[in-house]
Amino acid sequence: MSSDVKQYLVVTGNYWAFTLTDGALRMLIVLHFYQLGYSPLTIASLFLFYEFFGIVTNLTGGWLGARLGLNKTMNIGLFLQIIALSMLLVPSAQLTVIWVMAAQAVSGIAKDLNKMSAKSAIKLLLPEEAQGALYKWVAILTGSKNALKGVGFFLGGLLLTLLGFQGAMAAMAGALALVWILSLVLLKKDLGKKSFKPKFTELLSKSASLNWLSAARFCLFASRDVWFVIALPIYLSTSAGWPQSAVGAFLACWVIGYGAMQAFTPALTRSSKKAPPAAGTALNWALVLGVMPWLIGLAMLFSGEPLWSLLLGLMLYGVVFAINSSLHSYLIVASANRDGVSLDVGFYYMANAAGRLVGTLLSGWAFQTYGLLACLWLSGLLLLGAVLCTWALQRHQKRLAAV
């Protein structure tokens with residue numbers, strides 16, 4: 001086994017372990033605080049700092065990765081997640097909104113340092129000409145991560161039932177501490193360190209292609225989280241009357257299937273010449289996704305079986321959204337500058353985090369004020385933005401090719 005493959009396995013294992021705790025923590029907070037009587041909008045606000053500091057971290061984390069090395073930023077992310085979990089070990093009476101938001105801020109920093117490091121590292125572990133292999137490796141990492149996040153949702157509901165909120169935090173913090181120690185020992189030193197020290201002014205992208213792709217990513221993830229993060233689990237728990245364990249299990253299965261589809265995306269999207277995808281492929285799939293929230297909403301209104309319309313629509317939506325997400329993940333890694341790849345990847349995932357922040361807040365507000373259908377209409381509008389940005393990206397790339 002080559003040293004680069006070994007490093008890929010270390011990076012992937014590190015990322016997997018982190019993702020399990022990240023998914024479990026999100027489900028634990030949504031279910032536990034809804035049990036305590038918090039409103040959907042208040043629960044959404046608990047994730048405000050998580051998403052906000054994800055924006056800041058992706059923007060500055062890419063710069064840190066280029067200066068310090070991706071091994072350091074990945075291990076710092078793991079350590080910060082251990083701190084975030086430990087902060088939530090306090091008695092329930094001390095779990096105030098401000099304290100949980102602070103813990104989520106630390107977790108948001110941790111998650112995006114870890115993700116930015118993992119995605120950037122893949123670019124460096126493959127030769128420049130291996131674009132087909134790069135597409136496959138990115139799809140596998142992204143898909144497996146999301147599948148494990150789904151397992152994390154299920155794990156969160158299970159741990160809440162078996163160990164309680166504080167017991168779940170203690171178990172996850174202990175397990176992640178062992179992973180952190182192994183990562184310190186095994187991860188290659190100075191992975192992804194730039195050959196020269198980048199200036200802080202290099203944080204913002206000067207590439208039109210990267211800017212359009214980042215704008216499309218913002219709209220894409222805002223459109224998902226506006227109905228999936230807060231509105232959907234609470235709707236299933238209240239309007240559908242599902243027990244919390246069933247909500248957690250269903251969302252876990254959805255995310256696991258979503259991750260599996262991401263890993264399978266290269267087989268679906270390659271051209272007859274087996275060339276890696278370009279912006280045109282992303283535009284076609286964005287158009288398909290763009291109509292789906294409208295169709296789900298209309299089916300819920302007129303079918304007479306709104307729950308089954310929602311569940312079936314959610315399955316189909318998950319397949320198409322996974323393909324869109326996987327295409328985006330490949331396009332950013334492929335187009336990133338190899339020397340200081342974390343700068344470009346960090347900027348792109350800053351847009352991703354901003355989309356999740358906007359989607360999460362809109363999810364709590366729209367569901368509490370108008371209900372789930374309003375969240376679906378907002379999702380459709382945001383996907384229109386994703387389509388327009390991807391179309392602009394395709395036009396820009398065609399102009400560059402014609403020069």
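## Starting from Y349

Y349 is buried, at a relative accessible area of 1%. This is a predicted model, and Y349 sits in its helix α13, which covers residues 341–369. Look back along the chain to I332: 17 residues separate I332 from Y349 in sequence, and their C-alpha atoms are 9.4 Å apart.

## The overall build

What is the chain made of? Its secondary structure amounts to 14 helices and 0 strands. Read from the N terminus, the order of elements is simply α-α-α-α-α-α-α-α-α-α-α-α-α-α.

Of the 403 residues in the chain, 57% are buried. The accessible surface totals about 15600 Å², and carbon and sulfur atoms account for 72% of that. As for contacts, take those between residues at least 6 apart in sequence: 87% of them join residues at least 24 apart.

## Two nonpolar cores

Now for the inside. In soluble globular proteins, nonpolar side chains tend to be buried together. Here, the largest nonpolar core counts 77 residues, and I29, L88, F165 and W227 have the most contacts inside it. Helix α1 (residues 3–35) is the top contributor to this core, giving 10 residues. There is also a second core, separate from the largest one, with 19 residues; I55, L213, V345 and M350 are among them.

F165 is a handy place to see the largest core at work on screen. Leaving out residues up to four places away in sequence, F165 touches L28, I29, H32, F33, L88, L95 and L160. Two of these partners, I29 and L88, are themselves listed with F165 among the residues with the most contacts in the core.

## Aromatic rings

The structure holds 11 aromatic pairs. In one of them, Y258 and F321 have ring centres 5.8 Å apart and planes at 40 degrees, so this pair counts as tilted. The pair ties together distant parts of the chain: Y258 belongs to helix α9 (residues 244–269) and F321 to helix α12 (residues 306–335), with their positions 63 residues apart in sequence. Are these two rings buried or exposed? Y258 is buried at a relative accessible area of 2%, and F321 is buried too, at 0%.

W365 and Y370 make another pair, edge-to-face this time, with 5.7 Å from centre to centre and 80 degrees between the planes. W365 is partly exposed, with a relative accessible area of 39%, while Y370 counts as exposed at 59%. Back with Y258 and F321, both rings belong to one aromatic cluster that also includes F221, W227, F228, W254 and Y317. W227 turns up here again, having already appeared among the best-connected residues of the largest nonpolar core.

## Charged residues under cover

How many salt bridges does the structure hold? The count is 1. The side chains of R224 and D225 form it, with 2.7 Å from N to O. R224 is buried, with a relative accessible area of 10%. D225 is buried as well, at 1%.

K111 is another charged residue to look up. This lysine lies in helix α5 (residues 97–124) and is buried, at a relative accessible area of 8%. Setting aside residues up to four places away in sequence, K111 touches F18, D22, Y50 and R356.

## An enclosed short helix

Helix α8 spans residues 231–238, and 6 of its 8 residues are buried, so the helix is largely enclosed by the rest of the structure. Which residues of α8 are the buried ones? They are A231, L232, P233, I234, Y235 and L236.

## A nonpolar patch outside

Finally, the surface. L178, I181, L182, L184, V185 and L186 form a nonpolar patch there, and together they offer about 600 Å² of accessible area. V185 is part of helix α6, which runs over residues 131–186. With a relative accessible area of 60%, V185 is exposed, because exposed here means over 50%.

Definitions and conventions:
Residues are numbered from 1 along each chain as its sequence is written. This is a predicted model: local features need pLDDT of at least 70, side-chain atom pairs count only at pLDDT 80 or more; totals for chains, interfaces and linings use all residues. Side-chain values use heavy atoms; hydrogens and water are left out. Patches are made of residues with over 30% relative accessible area and no salt bridge: like charges are joined within 9 Å, nonpolar side chains (Val, Leu, Ile, Met, Phe, Trp, Tyr) within 5 Å. Accessible areas come from the Shrake-Rupley method with a 1.4 Å probe; for residues, only the protein chains shown count as cover. A salt bridge is a side-chain nitrogen of Lys or Arg within 4 Å of a carboxyl oxygen of Asp or Glu. Helices (H or I, at least four residues) and strands (E, at least two) are DSSP runs, numbered from the N terminus. Buried means under 20% relative accessible area, exposed over 50%, partly exposed in between (1.4 Å probe, protein chains only). A nonpolar core is a set of buried Ala, Val, Leu, Ile, Met, Phe, Trp, Tyr and Cys residues joined through side-chain atoms within 4.5 Å. Contact means heavy atoms within 4.5 Å. Rings of Phe, Tyr and Trp (its six-membered ring) pair if their centres lie within 6.5 Å; planes under 30 degrees apart count as stacked, over 60 as edge-to-face and the rest as tilted.
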